[in-house]
Amino acid sequence: MQVQPAAHGFIAMGSWFLSAMPFILLCFLPKLYAFFRKKMAKAIQISIQLEVYQHIDELPETERYLLNRARQAASRAYAPYSNFLVGAALLTSEGKVVEGNNQENAAYPSGLCAERTALFAAGAMHPELQISMIAVSAKRRGDMYYTAANPCGACRQVIAEYQDRQHTPIRIIMEGNGEIVIANGIDSLLPFRFGQKNLLNS
Ligand SMILES: [Zn+2]
């Protein structure tokens, strides 16, 4: 049987395609994989909710009292190097208030933040009690006005540890620049964090 010229060309093209297939796959497979991988990835949205007050007088009574205790603690801070006075006051479920303030050291970073000073003191003195809230206030020495007092990353991690330990959110009251911000639990300040579940459940 004689193969027609057109059919012959088609067969030749087919065999060329087959022989080139490994090369084509080698070139396009990574791109295909990346394309489908991108399609499969899902976005996670983490929402944060904060309460914002314009003045200490707007706060509920307990929060107002605790923030005033934090302000008092700030006035006793040992901060000869930074002159940045920070005070923290926490309230336990039994109604006990434990204060802390920043304790600096000439051999930096041997000092400690106000929040951790208060939390560790509470953990040492009242390990059985739950912490319901913590207030933080800061002021530069000599200033009339309070400045932003957001807990640093290390303090957030420690608050998280205490919250995980007691399985109840710790309300965090932060004095800010002309306003007071409250987070109802550390998850709003340290989302997607490393914590107890990463170690104890593994
Ligand atoms: Zn800190």
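This report describes the domains, the strand pairing around E5 and E6, and helix H3 in a predicted model.

The domain assignment divides the protein into domain 1, covering residues 1-42, and domain 2, covering residues 50-200. The C-alpha centres of domain 1 and domain 2 are separated by 64 Å.

**Strand pairing**

The pairings discussed here are set out in the table, each with its sense and its number of bridges.

| Strands | Sense | Bridges |
|---|---|---|
| E1 (residues 50-53) and E6 (residues 180-184) | antiparallel | four bridges |
| E5 (residues 171-175) and E6 | antiparallel | five bridges |
| E4 (residues 131-140) and E5 | parallel | four bridges |

Strand E6 thus appears in two of these rows, since it pairs in the antiparallel sense with E1 and in the antiparallel sense with E5. On the E1 side, Val-52 stands opposite Val-181 of E6. On the E5 side, Arg-171 has Asn-184 of E6 as its bridge partner, while Glu-175 stands opposite Ile-180 of E6. E5 and E6 together form a hairpin in which four residues lie between the strands, and Gly-178, in the turn, has a positive phi of about 80°.

Strand E5 also pairs with E4, in the parallel sense, and here Val-136 has Met-174 of E5 as its bridge partner. Between these two strands the chain passes through helix H4 (residues 153-166), making a β-α-β crossover from E4 to E5 that is right-handed.

**Burial of E5**

How many of the five residues of E5 are buried? Five of the five are, so the strand is largely enclosed by the rest of the structure. Arg-171, Ile-173 and Glu-175 point one way from E5, whereas Ile-172 and Met-174 point the other way, and the residues of both groups are buried. Two of these buried residues, Arg-171 and Glu-175, are those already placed against E6, with Arg-171 partnered by Asn-184 and Glu-175 facing Ile-180.

**Helix H3**

Helix H3 spans residues 114-125, and its twelve residues, taken at 1.5 Å a residue, should extend over 16 Å; because the C-alpha atoms at its ends are 16 Å apart, the expected and modelled spans agree. The buried residues of H3 are Ala-114, Glu-115, Arg-116, Thr-117, Ala-118, Leu-119 and Ala-122. These buried residues pack against helix H2 (61-75), strand E2 (84-92), strand E3 (97-101), E4 and H4. Two of these partners, E4 and H4, also belong to the right-handed crossover that leads to E5.

How values were computed
Residues are numbered from 1 along each chain as its sequence is written. This is a predicted model: local features need pLDDT of at least 70, side-chain atom pairs count only at pLDDT 80 or more; totals for chains, interfaces and linings use all residues. Two strands pair if DSSP finds at least two bridges between them. Domain bounds come from an automatic or database domain assignment. A residue is buried if 20 or more other C-beta atoms lie within 10 Å of its own, exposed if 12 or fewer, and partly exposed in between; C-beta atoms are placed from the backbone. A crossover is right-handed if, with the strands pointing away from the viewer, the path from the first strand over the helix to the second runs clockwise. The expected span of a helix is 1.5 Å times one less than its number of residues. Two residues are in contact if their C-beta atoms, placed from the backbone, lie within 7 Å.
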